Amino acid sequence: MPYRLSACQRPGLASLCGHACRVAAGVFPDFSVAKDRARYVGLPEADDRDHYVDRESFARYTNVCSPVHDDFKSLQSLPQEDQLMTADFSLSGGVALVTGAGSGIGRAIALGLAGAGAHVGCVDRVPGNVEATAAEILAAGSRAVPVAADVTDPAALSAAVAQIESALGPLTLGVNAAGIASAAPAEIMPGEQWRQVIDVDLTGVFLSCQAEGRAMIRNGGGSIVNIASMSATIANRGLHQAHYNSAKAGVVHLGRSLAWEWAAYGVRVNSISPGYTYTPMTQRPEQRDAMEGYAKDTPLGRNAQPEDMVGPVVFLLSRAASFVTGVDLLVDGGHVIW
Ligand SMILES: NC(=O)c1ccc[n+]([C@@H]2O[C@H](COP(=O)([O-])OP(=O)(O)OC[C@H]3O[C@@H](n4cnc5c(N)ncnc54)[C@H](O)[C@@H]3O)[C@@H](O)[C@H]2O)c1
């Protein structure tokens with residue numbers, strides 16, 4: 001039974017990519033929606049001819065569109081059951097943009113993605129730190145490019161995507177970890193302090209997703225993981241941070257919103273919510289001395305190291321999570337269940 005491809009960009013199998021294959025798969029059953037979307041993201045305007053292709057070629061060509069291209073060669077020496085699992089979790093051939101890659105959780109994730117096979121664009125507002133992360137990845141034999149950019153600046157983020165794509169290839173993976181924190185009782189918090197945290201921790205994540213999402217839509221799909229916080233779920237005892245908690249709750253719901261909007265393009269959007277993690281952020285005076293107490297309040301009996309965030313992020317980015325979108329994964333040692 002041949003597949004009917006409404007709204008092909010041009011005749012022939014070459015058109016079986018990105019937008020067109022999703023039309024064929026029935027994600028855009030309504031041709032006019034498909035056409036509008038194609039125009040919006042800058043694809044060549046769809047024509048209204050129907051094209052036909054057999055089931056086998058359709059499957060083959062839609063596989064080519066998969067955001068993660070697996071390299072099975074290095075896996076061939078493993079037992080068959082291990083090969084199957086490892087391939088699903090591999091990011092081999094993927095190109096990633098990681099914000100906040102100069103420190104803490106973002107840095108650990110940038111290194112972890114490279115370890116899982118991705119090429120990594122390391123983005124941070126501190127040039128020296130982001131260069132150091134990229135240098136570590138290069139020294140380990142993977143590919144990386146450092147980019148200094150502020151996540152509150154949409155033009156800088158577009159330029160970062162362009163720079164990463166020209167150095168490493170089409171963007172398919174995004175992790176948004178850039179963030180700041182501060183504290184002030186709500187009744188006296190200056191408006192400027194509220195706005196600064198919302199600008200970086202919520203608007204900065206939206207702008208990062210927007211720059212990454214535009215590229216992924218163009219590239220035929222991708223996967224984004226935002227770094228929220230368990231502060232999206234709880235109001236941390238003893239910490240006066242209404243701005244931070246609100247921003248993180250916003251990041252979780254932003255993920256759900258983008259997940260449905262971009263599902264049609266093959267772009268998945270999820271978040272993880274770390275618990276207390278040893279990084280420069282938790283060395284602030286209001287947190288540093290409380291860390292030991294937090295560990296006692298955590299069922300697993302300790303706080304996190306930045307590396308604890310790598311596995312959950314790799315999973316959500318990988319093909320192993322191909323049916324997971326719009327979720328927030330708490331990575332908190334069980335802190336919120338007490
Ligand atoms: N450490 C924790 O306990 C914890 C817990 C939950 C969530 N988080 C979240 O994890 C993420 C990473 O935090 P971390 O603990 O690694 O902190 P960190 O301070 O070590 O790293 C944050 C990084 O973000 C960068 N950054 C800040 N503002 C930026 C901007 N405007 N543009 C570009 N880069 C910017 C900083 O330069 C820094 O490199 C943050 O979103 C944070 O809210 C941290």
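In the predicted model, Val225 of strand S7 has Asn270 of strand S8 as its bridge partner, and this bridge belongs to a parallel pairing of S7 with S8 (residues 267-274) that extends over six bridges. The connection between these two strands is made by helix H9 (residues 242-263), and S7, H9 and S8 together form a β-α-β unit of right-handed sense. Asn270 also provides a point of reference for the connecting helix, since Arg256 is placed in H9 and the C-alpha atoms of Arg256 and Asn270 are 7.3 Å apart in space, with their positions 14 residues apart in sequence. Arg256 has 16 other C-beta atoms within 10 Å and is therefore classed as partly exposed, a residue counting as buried when 20 or more such atoms lie within that distance.

Strand S7 is also paired with strand S6 (residues 173-176), again in the parallel sense, and this pairing comprises four bridges. Within it, Leu173 is bridged to Ser223 of S7. The path of the chain from S6 to S7 passes through helix H8, and the resulting β-α-β crossover is right-handed. In a regular strand, side chains alternate between the two faces of the sheet. In S7, Gly222, Ile224 and Asn226 point one way, while Ser223, Val225 and Ile227 point the other way, and all of these residues are buried. Because six of the six residues of S7 (residues 222-227) are buried, the strand is largely enclosed by the rest of the structure.

The chain as a whole contains 12 helices and nine strands, and 45% of its 338 residues are buried. Among contacts with a separation of 6 or more, 73% are formed by residues 24 or more positions apart.

In soluble globular proteins, nonpolar side chains tend to be buried together. The largest nonpolar core of the model comprises 74 residues, and those with the most contacts inside it are Val98, Ile109, Ala110, Leu113, Val120, Cys122 and Val313. Helix H8 makes the greatest contribution to this core, with 10 residues. Val98 is located in strand S3 (residues 95-99) and counts as buried because 36 C-beta neighbours lie inside 10 Å. When residues up to four places away in sequence are not counted, the contacts of Val98 are with Gly106, Ile109, Ala110, Leu113, Val120, Cys122, Val123, Val175 and Ala177. For one of these residues, Ile109, the C-alpha to C-alpha distance from Val98 is 7.8 Å, at a sequence spacing of 11 residues. Val313, with its neighbours within four places in sequence left aside, is in contact with Ile109, Val175, Val225 and Ile272. Ile109 and Val175 thus appear among the contacts of Val98 and among those of Val313.

The ligand is surrounded by 30 residues, of which Gly100, Ser103, Gly104, Gly179 and Thr279 are the closest. Helix H5 (104-115) and helix H8 (191-219) are the elements that give two or more residues to this shell, and the largest share, three residues, comes from H5. By residue class, the shell is made up of 13 nonpolar, 14 polar and three charged residues. Helix H8, one of the elements represented in the shell, is also the helix through which the chain crosses from S6 to S7.

How values were computed:
Residues are numbered from 1 along each chain as its sequence is written. This is a predicted model: local features need pLDDT of at least 70, side-chain atom pairs count only at pLDDT 80 or more; totals for chains, interfaces and linings use all residues. A residue is near a molecule or strand if its C-beta atom, placed from the backbone, lies within 6 Å of it. Ala, Val, Leu, Ile, Met, Phe, Trp, Tyr, Cys and Pro count as nonpolar, Asp, Glu, Lys and Arg as charged, and the others, Gly among them, as polar. A nonpolar core is a set of buried Ala, Val, Leu, Ile, Met, Phe, Trp, Tyr and Cys residues joined through C-beta atoms within 7 Å. A residue is buried if 20 or more other C-beta atoms lie within 10 Å of its own, exposed if 12 or fewer, and partly exposed in between; C-beta atoms are placed from the backbone. Two residues are in contact if their C-beta atoms, placed from the backbone, lie within 7 Å. Two strands pair if DSSP finds at least two bridges between them. A crossover is right-handed if, with the strands pointing away from the viewer, the path from the first strand over the helix to the second runs clockwise.
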